[in-house]
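Hello,

Here is the structure you asked about. Please have a look, then read my notes below.

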Amino acid sequence: MRILIIEDDATIAANLYDFLESRGHAVDAAADGVTGLHLAISQTFDAIVLDLGLPGIDGLTLTKKLRGEAHVETPILMLTARDTLDDKLEGFSRGADDYLVKPFSLKEVEARLLSMNRRSSGRIAPRTLEAGALSLDPKTMAVRFAGNDVKLPPKCLRILELLMREPGRVISREEIERLVWGESQETSDTLRSHLHTLRRALTAAGGHDPVETLHGIGYRLRANES
Ligand code: CA
């Protein structure tokens, strides 16, 4: 499995990292909520191990942003030091899939991750996004426009996916930058050049550009595409 660990306690994070890697998993780690959220959105993981108490963005807020704003459905195993039922229930209502109370055994973490992964693979595959003649399969990230395959770099795909999740809704430049690049890493020139690449590829495939610019506001798919 490809696993992301978001945990600020260096000892716990290192133990998790070493154990899961020794069991053959590909592991990435973040020590704060902002970095973790960025990794969770910009890369693909089979599961996320998420600490509840984190500097920056706490685990519950991170889960809420991941599910509600970025529409990322990667299964989440929440780690909590607070052994109260209320916290657990709140974690689940915000989209965590399972939880473990600290201290936990490393084998138990892996067992929960494997079980979450089996459950999520058994779920109905995420539906193909469609907007007019445009389609995007979230499982394979294959894009078709007017019957033609569209090849796009990963960040352009992610921008298109954001636009297609809610056709017609205007998404601001800041929101796209935050969801695709994280909080502080890139300049607006980067977004501009990716939008240019995206629009050129879509125009080449479908004969017109479905992305509408609302100056000073943001971007959306044109009404006739939704
Ligand atoms: Ca912590």
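Asp 51 is buried, with a relative accessible area of 4%. That is under the 20% cut-off for burial. Asp 8 is partly exposed, at 36%. Please keep in mind that this is a predicted model.

Both residues belong to the metal site. The protein donors of the calcium ion are Asp 8 (OD), Asp 51 (OD) and Gly 53 (O). They lie 2.1 to 2.3 Å from the ion. In sequence, the donor residues follow the spacing D-x42-D-x1-G. The two aspartates link distant parts of the chain, being 43 residues apart. Asp 8 sits in the loop between strand E1 (2–6) and helix H1 (10–22). Asp 51 is in strand E3 (residues 47–51).

Next, helix H1. What span should its 13 residues have, at 1.5 Å a residue? The expected figure is 18 Å, and the end C-alpha atoms are 18 Å apart, so the two agree. The buried residues of H1 are Ala 13, Leu 16, Phe 19 and Leu 20. Seen down the helix axis, these fall within an arc of 145 degrees, so they line one face of H1. The face turned away from that buried side carries the exposed residues Ala 10, Thr 11 and Ser 22.

Both ends of H1 deserve a look. Asp 9 caps the N-terminal end, with a side-chain oxygen 3.0 Å from the backbone nitrogen of Thr 11. Just after the helix, Gly 24 takes a positive phi of about 95 degrees.

Now to His 194. This residue is in helix H8 (residues 188–206). Is His 194 buried or exposed? With a relative accessible area of 18%, His 194 counts as buried, because the cut-off is under 20%. Which residues does His 194 contact, leaving aside neighbours within four places in sequence? They are Lys 155, Cys 156, Ile 159 and Trp 181.

Last, the protein as a whole. The secondary structure comes to 8 helices and 11 strands. Of the 226 residues, 44% count as buried. Take the contacts with a separation of 6 or more: residues 24 or more positions apart account for 58% of them. The protein exposes about 11,000 Å², and carbon and sulfur atoms supply 50% of that area.

Best wishes

Conventions
Residues are numbered from 1 along each chain as its sequence is written. This is a predicted model: local features need pLDDT of at least 70, side-chain atom pairs count only at pLDDT 80 or more; totals for chains, interfaces and linings use all residues. Side-chain values use heavy atoms; hydrogens and water are left out. Donors are N, O and S atoms within 2.8 Å of the metal (3.2 Å for Na, K and Ca); water is not among the atoms, so sites may look incomplete. Helices (H or I, at least four residues) and strands (E, at least two) are DSSP runs, numbered from the N terminus. Buried means under 20% relative accessible area, exposed over 50%, partly exposed in between (1.4 Å probe, protein chains only). Contact means heavy atoms within 4.5 Å. Accessible areas come from the Shrake-Rupley method with a 1.4 Å probe; for residues, only the protein chains shown count as cover. The expected span of a helix is 1.5 Å times one less than its number of residues. The arc is that of the directions from the helix axis to the C-beta atoms. A polar contact is a pair of N or O atoms within 3.5 Å; within protein, one must be able to donate a hydrogen and the other to accept it, and residues adjacent in sequence count only if both atoms are side-chain atoms.
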